[in-house]
Amino acid sequence: MIVAKNISYGYSRQEVYVDSSFSVAKGELIGLVGPNGAGKSTLFKLLLGEDEASTGKLQVQGKIGYVPQEVKHDPLLESAVDIQSYIDPEMKKEAWELMVMLESLEVNEDLNTLPKILSGGQRTKLALLRAIIQEPDILLLDEPTNFLDTEGKRFIMEFLSEYPHTLIVISHDINLLDQHIDKILAVNPTTKKIEEYKGNYSKYIKLKSNNDAMLLKKFENDQKEINRMKKSLLKMASGSTEKGARARASVQNRIDRIKDKLPELPKEIRGIKFSLPEPKHTSEIPLQVKDLSISFEDSKIFSDVSLSIGRGERIALYGPNGAGKSTFIKILMSRLQPDSGEIVKDPALHIGYYSQEFETFDMSKTIMEMIEEKCGLPLTQILPIFASFNFPRPKLYQKIGTLSGGEKTRLSIAMLMLQNYNLLILDEPTTYLDMLSQRTILEALKTYKGAMLFVSHTEEFVQGLSPNRIMHLPENKIKYWIPKDVDNFVL
């Protein structure tokens, strides 16, 4: 179905793949993984024929369907007269079946609704349903669970288990990759190869961990050998004979050969450490929300919502799609005005806000230009933090607009860490992130000493942050957090 032989690809003097080979058999369910910016979406472009490998051969047989992370400008959707004609143009399903599918993905719209008036998340869900109904020979899905709550994710998992053809899915959802995947294709940015691992994600992680351990052991042994030979050079330095000079040159050549072959360690085993600024002091209750209510076009989103956030407290905000979580956050950030209610803020309160739109970024600037503009910290403190977020020094001179969605997310969180906020408000910070980036951001946020209000549908992320309380919307109920308590954590 898909065969790649020694393909290479790169752009702007940056290599993405070098002499990489892999195959995908008919009917296989494939998980495509790798760090943000490693080349997962690039591989989709090559498979779709939107770009070509610079060398090697890529064979693709069969009709391909593709659903991106977010559908912004789809001509078919823009011209569709209603939802039904867009998602099922060949009329394969009954109307009631289509309605069940829409409800499963939390699209609470009539089949006669004009698709182009819907939000970006709803458009993506419609594109997903269209692809599911058409059943192409090869279906490419880029983060299909990004905009879904628990019911939507369950629907996607059931679909994956029953899909009769070949499927390749990019996902950072461990449950998705563990339950229904036959093989993992892993883009390795260190070796520039696309590696094949039989089995699900957990098996891949185990094999990769073993490989990383062997790589680290070899690296340490080679370093020891280099240090031993350097000591030998020092002892030989006093000799001035021609024979001594040849011996020193021979040892130096051996050192250089070992150095040239030293493997580049993957970021996850380098052990970079950093420290965060101490948040500015606030009162015991830096933010208080009293009886907030809001409606849109006679549709009530929530009413009489009240919440007090204590100094240094962590609160998880969650509920099903459409419960008003993002609306509540936008009110706190003064981006929406409530119909009624009051927000009381401590004068010393300094809020750091993460949203998925990255509207605070100037896409024309480099990362370093933004750092210099917004951060007053010395470079010696900034560089380790950005390195830990997988932004080595050369990467800091790249323009923000050229970064992937996951890279922009890591950049946004890194900037929050550097700006001395005493309250972080995070709206789905893990949406575009690979597993390693999720772990990096989780570890960074664990060390943060200020208050935090966050929305996340990633269970491991919430468990890791261990919030003090959970606020449910739209019920406006607050519970104390009990780790590992399934009654307290229902996404």
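This short talk goes through the salt bridges, the aromatic contacts and one helix of the structure shown above.

Before the details, please keep in mind that this is a predicted model, in which local features need pLDDT of at least 70 and side-chain atom pairs count only at pLDDT 80 or more, whereas totals for chains, interfaces and linings use all residues. Residues are numbered from 1 along each chain as its sequence is written, and side-chain values use heavy atoms, with hydrogens and water left out.

Let me start with the charged pairs. A salt bridge here is a side-chain nitrogen of Lys or Arg within 4 Å of a carboxyl oxygen of Asp or Glu, and by this rule the count is ten. One of these links E196 to K183, with the closest N and O atoms 2.9 Å apart. E196 belongs to strand β9 (residues 193–198) and K183 to strand β8 (residues 183–188), so this bridge ties together parts that are 13 residues apart in sequence. I should add that helices (H or I, at least four residues) and strands (E, at least two) are DSSP runs, numbered from the N terminus.

How are the two partners placed with respect to the surface? I call a residue buried under 20% relative accessible area, exposed over 50%, and partly exposed in between, using a 1.4 Å probe and protein chains only. On that scale E196 is partly exposed at 37%, while K183, at 3%, is buried.

The bridge between K395 and E407 also has its closest N and O atoms 2.9 Å apart. K395 sits in the loop between α12 (379–388) and α13 (405–418), and E407 in helix α13, so the contact joins parts that are twelve residues apart in sequence. Here both K395 and E407 are buried.

A further bridge pairs K446 with E443, at 3.3 Å between the closest N and O atoms. These two residues are three apart in helix α14 (residues 435–446), or about one helical turn. In general, an α-helix has 3.6 residues a turn, so residues three or four places apart point the same way. K446 is partly exposed at 37% relative accessibility, and E443 is partly exposed at 41%. Returning to the strands, salt bridges that share partners join E28, K183, E196 and K198 into one network.

Now to the rings. Rings of Phe, Tyr and Trp (its six-membered ring) pair if their centres lie within 6.5 Å, and planes under 30 degrees apart count as stacked, over 60 as edge-to-face and the rest as tilted; seven aromatic pairs result. Among them, F159 and Y163 are edge-to-face, at 5.2 Å centre to centre with 65° between the planes. F159 is buried at 9% relative accessible area, and Y163 is buried at 7%.

The rings of Y201 and Y204 have centres 5.5 Å apart and planes at 55°, so that pair is tilted. Both residues lie in helix α8 (residues 201–236), three residues apart, and both Y201 and Y204 are buried. Together with Y197, Y201 and Y204 form one aromatic cluster.

Finally, what surrounds helix α5? Helix α5 (residues 120–134) has 15 residues and reaches 21 Å from its first C-alpha to its last, close to the 21 Å expected at 1.5 Å a residue, where the expected span is 1.5 Å times one less than the number of residues. Of its 15 residues, 13 are buried, so α5 is largely enclosed by the rest of the structure. Just after α5, E135 takes a positive phi of about 50°.
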